[in-house]
Amino acid sequence: MSLLSIAKKPSDVNDQSNFVRKGPPTVKDAAPLIPAGNTPDEMTSEDEIGESLAEICDNGDAVAIYHPSKDEPIMARIDFVHPKDPEFELDLVEPEPLPAGRLKFVAWLKDARFQFELNQESYPPTKGDWHKVVVPFPEKALVMNRRSTPRFETPLGSAFMASFVLNGRSYELQLYDFSSGGIAMRAQPRETRGLLRGRKLDRVRLELGPETVIIVDIEIRMVRTFKSFLLGEQVQIGCMFINVDAETQEEIDRLLLRMKTMEENKAKS
């Protein structure tokens, strides 16, 4: 697939409305760096990298830019991906030039972290606008699936539920599965109205079995419809945890370890 398939012209993927639709990204929206020691997949195809950047642009997802001299990432969104040349334009939240040298860029691509590096002596702004900067495609990108951590499917009728309020409407959905990085919920289509990809849900009450209840913030990363032999048409909603404190993460990991041990013991018996 050629770069011409990305867009007919820059304005086709120029999403100025992202700042209006989603607002300027903040540090809370930052995708974290892929930890050292992990084994992400490598993406080296220029076409695949361009398509991935275009998808991040179309979705209006935040881009976190990390530099060794900065305590916090620089936040931006992708303004457009060039339809012919291997380059794209960033729209920075702060009107300051990007620091010279090696930069690491991280964004969410569906349910995965998409990370790449650039190393330039300078990153000049576009036509004197310090908010805008055009940068080349990287030679390669790393893709790390957030849900590569062990996940556990929850049995039908079990006490694994998610409860929350969105725009004055109360929801109570059964969990489909969960992992240390997020959850998946399922319900009939009429029960999931208003739950769109990119929506952030605050203070979601998760019942993880008969003894564990936690409160977390989540972001919807995937919505798909499927048919269940027993339940008919269902909607699966994949979500990732955001702003999880260390204590809550430890509680989730303890529960996952306990369930893993129970499954292993059951398999041995």
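**Buried, bridged and paired: how the labels are earned**

Q: What makes Arg221 count as buried?
A: Arg221 has a relative accessible area of 3%. The cut-off for buried is under 20%, so Arg221 falls on the buried side. Keep in mind that this is a predicted model.

Q: How do you know that Asp61 and Arg221 form a salt bridge?
A: Look at the side chains: the N to O distance is 3.8 Å. The rule asks for a Lys or Arg nitrogen within 4 Å of an Asp or Glu carboxyl oxygen, so this pair passes. Asp61 sits in the loop between helix H3 (46-59) and strand E2 (62-66), while Arg221 is in strand E15 (residues 213-228), so the bridge ties together parts 160 residues apart in sequence.

Q: Is Asp61 buried or exposed, and why?
A: Buried, because its relative accessibility is 5% and the limit is under 20%.

Q: What makes Lys200 and Asp29 a salt bridge?
A: Their closest N and O atoms are 2.0 Å apart, and the cut-off is within 4 Å, so the pair qualifies. This pair also links distant parts of the chain: Lys200 is in strand E14 (residues 200-208), and Asp29 is in the loop between helix H2 (17-22) and strand E1 (41-43), 171 residues apart.

Q: Why is Lys200 called partly exposed?
A: Its relative accessible area is 38%. Buried needs under 20% and exposed needs over 50%, so Lys200 lands in between.

Q: How do you know that Glu117 and Lys104 are bridged?
A: The same kind of check works here: N to O comes out at 3.8 Å, against a limit of 4 Å. The partners are in strand E6 (Glu117) and strand E5, residues 101-109 (Lys104), 13 residues apart. Glu117 is at 34% relative accessibility and Lys104 is at 29%, so both come out as partly exposed.

Q: What makes Asp61, Glu219 and Arg221 one network?
A: Salt bridges that share partners join these residues. Overall, the count by this rule is 8 salt bridges.

Q: How many aromatic pairs are there, and why is Phe88 with Phe116 called edge-to-face?
A: There are 6 aromatic pairs. In the Phe88 and Phe116 pair, the ring centres are 6.1 Å apart and the planes meet at 85°. Centres must lie within 6.5 Å, and planes over 60 degrees apart count as edge-to-face, so both conditions are met. Phe88 is in strand E4 (residues 87-92) and Phe116 in strand E6 (residues 112-120), so the pair ties together parts 28 residues apart in sequence.

Q: Why is the pair of Phe88 and Phe137 called tilted?
A: Here the centres are 6.3 Å apart and the planes are at 40°. Stacked would need under 30 degrees and edge-to-face over 60, so tilted is what remains. Phe88 is in strand E4, whereas Phe137 is in the loop between strand E8 (129-136) and strand E9 (141-145), 49 residues apart.

Q: What makes Phe88 and Phe116 buried?
A: Phe88 is at 1% relative accessibility and Phe116 is at 5%, with the limit at under 20%. Phe88 and Phe116 also belong to one aromatic cluster with Phe105, Phe114 and Phe137.

Q: Why does Asp253 count as partly exposed?
A: Its relative accessibility is 34%, and the partly exposed class runs between 20% and 50%. Asp253 lies in helix H4 (residues 246-268) and gathers with Asp245, Glu247 and Glu250 in a patch of negative charge on the surface.

Key:
Residues are numbered from 1 along each chain as its sequence is written. This is a predicted model: local features need pLDDT of at least 70, side-chain atom pairs count only at pLDDT 80 or more; totals for chains, interfaces and linings use all residues. Side-chain values use heavy atoms; hydrogens and water are left out. Patches are made of residues with over 30% relative accessible area and no salt bridge: like charges are joined within 9 Å, nonpolar side chains (Val, Leu, Ile, Met, Phe, Trp, Tyr) within 5 Å. Accessible areas come from the Shrake-Rupley method with a 1.4 Å probe; for residues, only the protein chains shown count as cover. Lys and Arg count as positive and Asp and Glu as negative; His and the chain ends are not counted. The place of a charge is taken as NZ of Lys, CZ of Arg, CG of Asp or CD of Glu. Helices (H or I, at least four residues) and strands (E, at least two) are DSSP runs, numbered from the N terminus. Buried means under 20% relative accessible area, exposed over 50%, partly exposed in between (1.4 Å probe, protein chains only).
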